[in-house]
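Welcome, and thanks for taking a look at this one. Please open the model and find the sheet before reading on.

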Amino acid sequence: MFTRKDLLGIRYLSAEEITHLLDVAESFRDISQREIKKVPALRGRTVINLFFEPSTRTRTSFEIAAKRLSADTINISAAASSVVKGETLLDTARNLEAMSPDLLVIRHPSAGAPHMLARVCRAGVINAGDGANEHPTQALLDALTIRQHKGRIAGLKVTIVGDILHSRVARSNVYLLTKLGAEVCLTGPGTLIPQPFGDLVERGVRLEEKIERALEGADVVMVLRIQRERQNAAFFPSLREYAVHYGLNLKRLERAAPDAIVLHPGPINRGIEIASEVADGSRSLILDQVANGLAVRMAVLYLLLGGGVLRPDGEGEANREAALISEESGSGLGKVDR
């Protein structure tokens, strides 16, 4: 049984919990293929999507997932909330909780925001991305996609290319993939690789400066977007130069295994981190990731509200996790925003 009140990050999940989540997600994939794409599993439950950053895939996916499970869904964006009038995130959450929702799904530019809400809210909290910290459901859908096409995760060589420093997707994927036995290699400009690199070495993660070496024999190539909105300095001379040295094109992809698959969390910047021939090619599973994102988020909602057990001591767990976040001055995948 999945007995957590909240889903705040992959770093706190065991390999068994991750595998259980993926197994349940597999069972939800068929619902999207039915003529009537709805089951009554969460009828009478209320899910609030609270998004303080732009999002297409994640927000829409959570909304559709909740509706297909028959939950009542409310979407709130930062521009339409009282935050623009000066209300704090904590006050916003407390006011929403006064309306007795069952789950809060939050995306926020500051790392640790979901952990803070989980400490004070009776409702369950799902982290839909917090700053450069974690994006747990993205890592889960990536793992589901890999497992479907490769049959396993253990023993696979996974190369992650791009803006590692600012990527919550990279952080969550490193936690998940290493827990399930994959070999992970990171590559990108030296300025976009986190320093120090120590705790990643302990996880068996390898660093390669040259993308060509990193791609040698890779079973999975995960390309990351250059996150200009999080960069407060010139980490490389120009986007054109980045594309020349680190963009994934067909020639570079030839260095990977013949049956290698290509993933990207989206949105993609064509011609910068990935060429259109690769993004639209036969090895690309970008749209499979989107489809699997729906199944994963249905599984998470179901396990937190329907198929799992809401623990009364969930606040204690959130407190411990929030303490870990606040104590970090910079872990293996870059500094956590305070």
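Here is a short tour of the sheet, with strand E3 as the guide. Please keep in mind that this is a predicted model. Strand E3 covers residues 103-108, and 6 of its 6 residues are buried, so the strand is largely enclosed by the rest of the structure.

**The sheet as a whole**
- The open sheet is built from 4 strands in the order E2-E1-E3-E4, and their pairing is parallel.
- Its edges are strand E2 (72-77) and E4, each of which pairs on one side only.
- From one strand to the next, the twist averages 15°.

**The two faces of E3**
- On one side of E3, Leu103, Val105 and Arg107 are all buried.
- On the other side, Leu104, Ile106 and His108 are buried too, which leaves both faces of the strand covered.

**Neighbours of E3 in the sheet**
- Strand E1 (residues 46-51) pairs with E3 in the parallel sense over 5 bridges.
- Within this pairing, Leu103 in E3 has Val47 opposite.
- Strand E4 (residues 124-130) also pairs with E3 in the parallel sense, over 5 bridges.
- Here Val105 stands opposite Ile126 in E4, while Ile106 has Asn127 of E4 as its bridge partner.

**The link from E3 to E4**
- Helix H4 (residues 113-120) joins E3 and E4 in a right-handed β-α-β unit.
- E4, the final member of that unit, is one of the edge strands of the sheet.

Notes. Residues are numbered from 1 along each chain as its sequence is written. This is a predicted model: local features need pLDDT of at least 70, side-chain atom pairs count only at pLDDT 80 or more; totals for chains, interfaces and linings use all residues. Side-chain values use heavy atoms; hydrogens and water are left out. Buried means under 20% relative accessible area, exposed over 50%, partly exposed in between (1.4 Å probe, protein chains only). Two strands pair if DSSP finds at least two bridges between them. A crossover is right-handed if, with the strands pointing away from the viewer, the path from the first strand over the helix to the second runs clockwise. Axes are lines fitted to C-alpha atoms, for helices over the stretch in contact, and angles run from 0 to 180 degrees between N-to-C directions.
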